[in-house]
Amino acid sequence: MTMTYYTLGNSGLRVSRLALGTMTFGKEWGWGADRDTGRAMFDAYVEAGGNFFDTADLYTGGTAEAWLGEFIAERGLRDTAVIASKFTMNMQPGNPNAGGNGRKNILRAVDASLKRLGTDYIDLYLMHVWDRLTPAEEVMRTLDDLVRMGKVRHVGLSDVPAWYAGRAQAIAELRGYEPVSALQLEYSLAERAIENEFVPFGTRHGAGIMVWSPLASGLLSGKYRPAQAGNAGRLDGFRNSTHPGFQKFTERNWAIVAELEKVASELGRGMPQVAINWVATQPGIATVILGATTLAQIQDNLGALDFEIQATLRDRLDSVSRTPAPFPYSYFGPQIQARVTGGAATGDKPSGYASPVLVEGEPASVSTD
Ligand SMILES: NC(=O)c1ccc[n+]([C@@H]2O[C@H](COP(=O)([O-])OP(=O)(O)OC[C@H]3O[C@@H](n4cnc5c(N)ncnc54)[C@H](OP(=O)(O)O)[C@@H]3O)[C@@H](O)[C@H]2O)c1
């Protein structure tokens with residue numbers, strides 16, 4: 001396959017459309033890969049042309065960052081590799097300032113990540129999760145300081161409310177801070193909530209969306225079935241979880257899995273490839289972070305962009321997985337638009353104007369129509 005590199009958001013950083021996730025590097029969390037397998041997956045990804053690696057201080061207690069740094073160093077790839085890492089999560093029980101998004105933690109966390117990664121800069125540094133407290137002013141000013149210190153090249157936000165991302169980007173623009181170049185969010189056929197707020201925000205305001213859990217933690221691979229004993233993979237460990245994000249075994253999701261299986265069979269492709277292809281080619285998506293625990297899985301997933309899903313098949317996936325637009329998006333339809341325009345014939349912009357409308361197949365770009 002040929003890997004295409006796109007600029008991330010409005011930045012000049014070129015990244016491959018498929019990124020390699022490292023949350024599965026290490027067995028500390030019970031469902032990851034050992035070092036040799038991690039290394040083999042890294043090699044397969046690099047050999048396929050991938051340049052974008054996603055990690056976090058939290059992942060497998062630091063093992064993921066350490067192995068990623070070692071693999072990159074062993075192959076002499078630091079100039080080629082684009083490393084994304086994240087802060088927020090606390091790895092020092094009892095110390096409230098060793099987590100969260102305050103300045104004290106960000107400055108501590110970045111140095112710890114640089115040490116584990118064995119590098120002197122991180123290409124993309126993201127706030128991992130909104131802590132519900134720290135003002136966006138403090139976060140954006142501190143991230144800008146890190147860019148000026150040379151420890152970080154670009155900045156991003158993961159798992160935040162859209163209003164917070166919008167405010168953070170506005171603060172960056174108005175105060176001349178490093179802008180938000182990336183949003184990292186869960187997105188898949190089973191989880192489409194980001195389409196209402198984040199896709200319009202990202203495409204209009206220069207933040208490329210990095211998709212996490214494109215297979216809904218493995219659900220969309222087809223290995224789980226409604227009446228199954230419970231030893232298929234990672235999700236079995238979450239069967240009794242009370243966290244809504246881990247409750248993937250729902251009637252709606254079983255219907256999506258069933259339709260995906262039929263569509264994949266008509267395409268002559270495996271379900272994981274079709275699920276990844278679908279999410280990668282949705283509007284506003286800059287890159288999809290692949291997760292895998294075996295070499296065979298990553299090899300399979302790296303072939304996900306080698307084909308097209310025809311419109312009729314895409315429509316079927318879309319209709320089984322679409323979620324109704326919540327208010328106020330449910331309110332903006334044709335009747336309200338007719339009231340807005342007084343019924344006059346209107347269009348978007350005349351030809352030749354730059355408009356922040358996404359052209360399908362050109363992730364996170366501003367198009368000229
Ligand atoms: N920012 C955030 O909050 C956040 C959160 C989560 C993840 N992430 C990032 O996103 C990356 C990917 O997330 P994810 O691991 O949840 O992605 P995912 O693609 O939804 O799930 C990956 C899992 O699906 C199964 N799988 C993958 N490929 C397969 C294949 N071809 N055939 C059969 N099964 C397959 C494996 O599970 P089994 O081991 O059970 O077989 C694998 O570990 C992470 O590594 C991390 O970098 C970010």
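Here a biologist asks and a modeller answers about a predicted model with a bound ligand.

Biologist: Which residues are closest to the ligand?
Modeller: The shell around the ligand holds 31 residues. Five of them are listed as the closest. They are Asp54, Asp159, Ser213, Lys223 and Thr293.

Biologist: How many residues of the shell are nonpolar, polar and charged?
Modeller: Sort the shell around the ligand by class. The charged residues number six. The remaining classes are 15 polar and 10 nonpolar.

Biologist: Which helix gives the most residues to the shell around the ligand?
Modeller: Look at residues 295–301. This helix gives three residues to the shell. It is α9.

Biologist: How much of the ligand does the protein bury?
Modeller: Start with the polar contacts. A side-chain N or O atom of Ser213 is 2.6 Å from a ligand oxygen. For Ser217, a backbone N or O atom is 2.8 Å from an oxygen of the ligand. Taken alone the ligand exposes 910 Å², and the protein buries 93% of that.

Biologist: How far is the polar backbone atom of Leu215 from an oxygen atom of the ligand?
Modeller: Here the backbone of Leu215 takes part. Its partner is an oxygen atom of the ligand. The distance is 3.0 Å.

Biologist: Which residues does UniProt list for the domain "NADP-dependent oxidoreductase"?
Modeller: The name comes from an unreviewed UniProt entry. In the model, that stretch is 41% helix and 14% strand. Its end C-alpha atoms are 25 Å apart. The record gives residues 17–320.

Biologist: Is Ser113 buried or exposed?
Modeller: Ser113 is part of helix α3, residues 103–117. Its contacts beyond four places in sequence are Asp57, Glu65, Ser85 and Ile122. Its relative accessibility is 0%, and the cut-off for buried is under 20%. Therefore Ser113 is buried.

Biologist: How far apart in space are Ser113 and Phe327?
Modeller: In sequence, 214 residues separate Ser113 and Phe327. In space, the distance runs from C-alpha to C-alpha. It is 41 Å.

Biologist: Why does Lys27 count as exposed?
Modeller: Lys27 sits in the loop between β3 and α1. Exposed means over 50% relative accessible area. Lys27 passes that cut-off, so it is exposed, at 53%.

Biologist: Which residue has its backbone oxygen 3.4 Å from a polar side-chain atom of Lys27?
Modeller: Beyond four places in sequence, Lys27 touches Gly32, Ala33 and Asp34. One of these also supplies the backbone oxygen in a polar contact with the Lys27 side chain. That residue is Gly32.

Biologist: Which residue has its backbone oxygen 3.1 Å from a polar side-chain atom of Ser16?
Modeller: Ser16 lies in strand β2, residues 14–16. Ser16 is buried, at 0% relative accessible area. Its contacts beyond four places in sequence include Met3, Tyr45 and Thr287. The backbone oxygen belongs to Leu18.

Biologist: How many residues of helix α8 are buried?
Modeller: Helix α8 covers residues 271–280 and is mostly covered. Its buried residues include Met271, Gln273 and Trp278. The number is 10 of 10.

Biologist: How many residues of helix α11 are buried?
Modeller: Helix α11 has eight residues, 334–341. It lies largely in the open because its buried count is zero.

Biologist: Which residues does Thr142 contact, leaving aside neighbours within four places in sequence?
Modeller: Thr142 is in helix α4, residues 136–149. Thr142 is buried, at 0% relative accessibility. Its contacts are Arg103, Ile106 and Leu107.

Biologist: What is omega for the peptide bond from Phe327 to Pro328?
Modeller: Most peptide bonds are trans. The bond from Phe327 to Pro328 is cis. Pro328 is in the loop between α10 and α11. Omega is near 5°.

Biologist: What is phi of Thr60?
Modeller: Most residues other than glycine have a negative phi. Thr60 has a positive value. It lies in the loop between β4 and α2, and counts as buried at 1% relative accessibility. Phi is near 45°.

Biologist: What is phi of Thr88?
Modeller: Thr88 is in the loop between β5 and α3. Thr88 is buried, with a relative accessible area of 7%. Its phi is positive, although Thr88 is not a glycine. The value is about 145°.

Methods. Residues numbered from 1 in each chain as written. Predicted model: local features only at pLDDT ≥ 70, side-chain atom pairs only at ≥ 80, totals over all residues. Heavy atoms only, no water. Near = heavy atom within 4 Å. Polar contact = N/O pair within 3.5 Å; in protein donor to acceptor, adjacent residues only side chain to side chain. Areas by Shrake-Rupley, 256 points an atom, 1.4 Å probe, with all protein chains shown as cover. Helix = DSSP H or I, 4+ residues; strand = E, 2+ residues; numbered from the N terminus. Nonpolar A, V, L, I, M, F, W, Y, C, P; charged D, E, K, R; others polar. UniProt positions renumbered as here; feature names shortened; annotations may be inferred. Buried < 20%, exposed > 50% of the residue type's maximum accessible area, 1.4 Å probe, protein only. Contact = heavy atoms within 4.5 Å.
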